[in-house]
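Got a model open and a few things to ask about it? Let's go through it in questions and answers.

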Amino acid sequence: MKTWGFLFVACFGLISLMILPEDGLFYRPEKWPKPLYNFEDNPLTPEGFSLGRALFYDPILSEDSTVSCASCHLQYTAFAHVDHSTSHGINSRVGKRNAPGLMNLAWYPTFHWDGGVLNLNGQAINPLTHPDEMGETLEGVLKKLNRNSDYKAKFKKVFGAEHIKTSHLLKALGQFTVSLVSANSKYDSVMRKESTFTAQEQRGYTLFRNHCNQCHTAPLFTNFEFKANGIGPNNQFNDSGRALITGKAADAYLFRVPTLRNIEYSFPYMHDGRMSKLKEVLAHYSNSLSWQKPVSSGLLQKKNTLNLNEQKDLLSFLKTLSDKQFLFNEAFRFPRK
Amino acid sequence: MLRFLFLFFVLPNLGFGQHTVKLKVGLAPFQLQTNYLMNGTDSIRLDQFKFYIGNQRGDYQLVDASDTTTYNLPFADKVLVIGMDSLANTSGKLEGAFDPLLGMYWAWNTGYIHLKLVGCLVQKGRQLPFEYHIGGYKAPFETFVPIKIPARTKNITLQLERLFTALPITTKPNIMLPGAAAQQIFRAFSTAFE
């Protein structure tokens, strides 16, 4: 009996290794759409990935070398910024938006809560240079990297260049962030018919399909559109969201539909992080009487009214979107030298 | 045969070699940090002047008045473009002429500044600073225009007086976003090509 148990564990270990590339490099999960990231322009290599990983965790990227990308994007919280409604940068300066979780970025057509950024590689310039985030200049970062013999050698190995340029820095970071694929939650294993939902999760899944899936569409659990979900404008920041990008009045207070993958771990919620518990989020969506204008038409038509038991069922389904293999993948951790 | 085709199709298209940009204000050559008398009383001075110019195959160069080597264009096409097409704006190619280090990249709203003018209007002893970041690739506020270069022309001359007189410095000293006002300045810029 013991032998059988051992064999079972060994087989299971082998299977999970096969599903998840050990080096952490990007992979396309079965039946997922074609990724949008331009891999031809930035061919992934283990060295490029590990360089990007080193940079992601290195405060050298910030103006006073105190803040790294990982300061606001922690792995155990799906690379979101837990416990801070909006994120803070150098000198404790506070931004006006909630740092989103980073996962499955290869499929994103746009980045940021307002969708203003069109390329993953170019995205990194924003936190690097924003005065409320890392407060650096591109010139400053490149100067520091070019003075660092360790980084110079690594960049040379990956890009074959003597001098580190903007595109090298951004492509290296892109190699790491594009590889943050999360597709091994319980939900995924149920879809692959490797396990089954509990009765409560199944009830939650049915509710999800009826009430949430239109915007939080599987397998990415977002349709990447911009919506107003009735939480009302933030009084402190008066952030008009999508309208800042399009200049259209109709886009005022619209924000990106976020993914629900690992949502259990990526609190707080909403673009300004005003809700700290998933229960609050579900209560908000379940009570259309409490909604403040503007509210996108698709949501208004739904007029969700879920009772407390239904909310509990939905919550238990949402927890099946947690991907422990992703949250604790050693390949994504702080690199110990 | 190939050589024959080259003579007939490629050479005429190349004209007389690659183009060189010449910047003038009236009869004087343009330089940064130099006051140019506008209408007898006011004068204008630029501290930064940069713009993108390219061909219809998607090659671009940033002409930067602080580095006159950028006046020599690496292409010789008979039809050039000023501004930048939407693909070049959004492709995410962040190197060469597209390096964000050149100070023309809008990081938070992906796209490039097509024409940058930073300077001062000197009016009755007062200095009125202005800053124009002109760009846009989305309809109806594109700033992207083809420029026909006459045959046998190697030097491309820009008469900047036409641009300077069109700047709304006293009413709108700062324009940093795409829109009708930005487009108007860009239109004036396109008429500067002689």
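Q: What radius of gyration does chain A have, and does it agree or disagree with a compact globule of 337 residues?
A: Keep in mind that this is a predicted model. A compact globule with 337 residues would come out near 20 Å. Chain A agrees with that, its own radius of gyration being 21 Å.

Q: What box do the C-alpha atoms of chain A fill along the principal axes?
A: Let's start with what goes into it: chain A has 15 helices and 2 strands, and 43% of its 337 residues are buried. Along the principal axes, the C-alpha atoms fill a box of roughly 65 × 60 × 35 Å.

Q: How many residues of domain 1 of chain A are in contact with domain 2 of chain A?
A: The domain assignment splits chain A into domain 1 (46-181 + 325-332) and domain 2 (186-324). Their centres, taken over C-alpha atoms, are 27 Å apart. On the domain 2 side, 26 residues take part in the contacts, and on the domain 1 side the number is 27.

Q: On the side of domain 1 of chain A that touches domain 2, how many residues are charged?
A: Sort that side by residue type and you get 13 nonpolar and 11 polar residues. What's left is the charged group, and that has 3.

Q: Which residues line one face of α7(A), and why?
A: Helix α7 of chain A covers residues 149-159. Seen down the helix axis, its buried residues fall within an arc of 100°, so they line one face. On the other side, A:Ser149, A:Ala153 and A:Lys157 are exposed. The buried ones are A:Tyr151, A:Lys154, A:Phe155 and A:Val158.

Q: Which helices of chain A do the buried residues of α7(A) pack against?
A: One of those buried residues is A:Phe155. The buried residues of α7(A) have three helices of chain A to pack against: α2 (46-56), α6 (138-146) and α8 (166-177).

Q: Which residue follows α7(A), and what is its phi?
A: Helix α7 of chain A spans residues 149-159. Right after the helix comes A:Gly160, with a positive phi near 70°.

Q: How many residues of chain A are in contact with chain B?
A: Take the chain B side to begin with: it divides into 5 nonpolar, 4 polar and 2 charged residues. Those 11 residues of chain B are in contact with residues of chain A, which number 17.

Q: Which residue is the bridge partner of B:Ser43 in β8(B)?
A: Strand β4 (residues 43-55) of chain B pairs with β3 (residues 36-37) in the antiparallel sense over 2 bridges, and there B:Leu37 stands opposite B:Ser43. β4(B) also pairs antiparallel with β8 (residues 111-123), over 8 bridges. In β8(B), the partner of B:Ser43 is B:Val122.

Q: Which residue in β6(B) stands opposite B:Gly54?
A: β4(B) runs antiparallel to β5 (residues 60-64), with 5 bridges joining them, and B:Gly54 has B:Tyr60 as its bridge partner there. With β6 (residues 79-83), β4(B) pairs antiparallel over 3 bridges. In β6(B), the residue opposite B:Gly54 is B:Val81.

Q: Which residue takes a positive phi in the hairpin of β4(B) and β5(B)?
A: Another hairpin, formed by β3(B) and β4(B), has 5 residues between its strands, and B:Gly40 in the turn has a positive phi of about 95°. The hairpin of β4(B) and β5(B) has 4 residues between the strands. Here the positive phi, near 90°, belongs to B:Gly58.

Definitions and conventions
Residues numbered from 1 in each chain as written. Chains lettered and ligands numbered in written order. Predicted model: local features only at pLDDT ≥ 70, side-chain atom pairs only at ≥ 80, totals over all residues. Domains from an automatic or database assignment. Contact = placed C-beta atoms within 7 Å. Nonpolar A, V, L, I, M, F, W, Y, C, P; charged D, E, K, R; others polar. Rg over C-alpha atoms; globule rule 2.2 N^0.38 Å. Buried ≥ 20, exposed ≤ 12 C-beta atoms within 10 Å, placed from the backbone. Arc of directions from axis to C-beta. Pairing = 2+ DSSP bridges.
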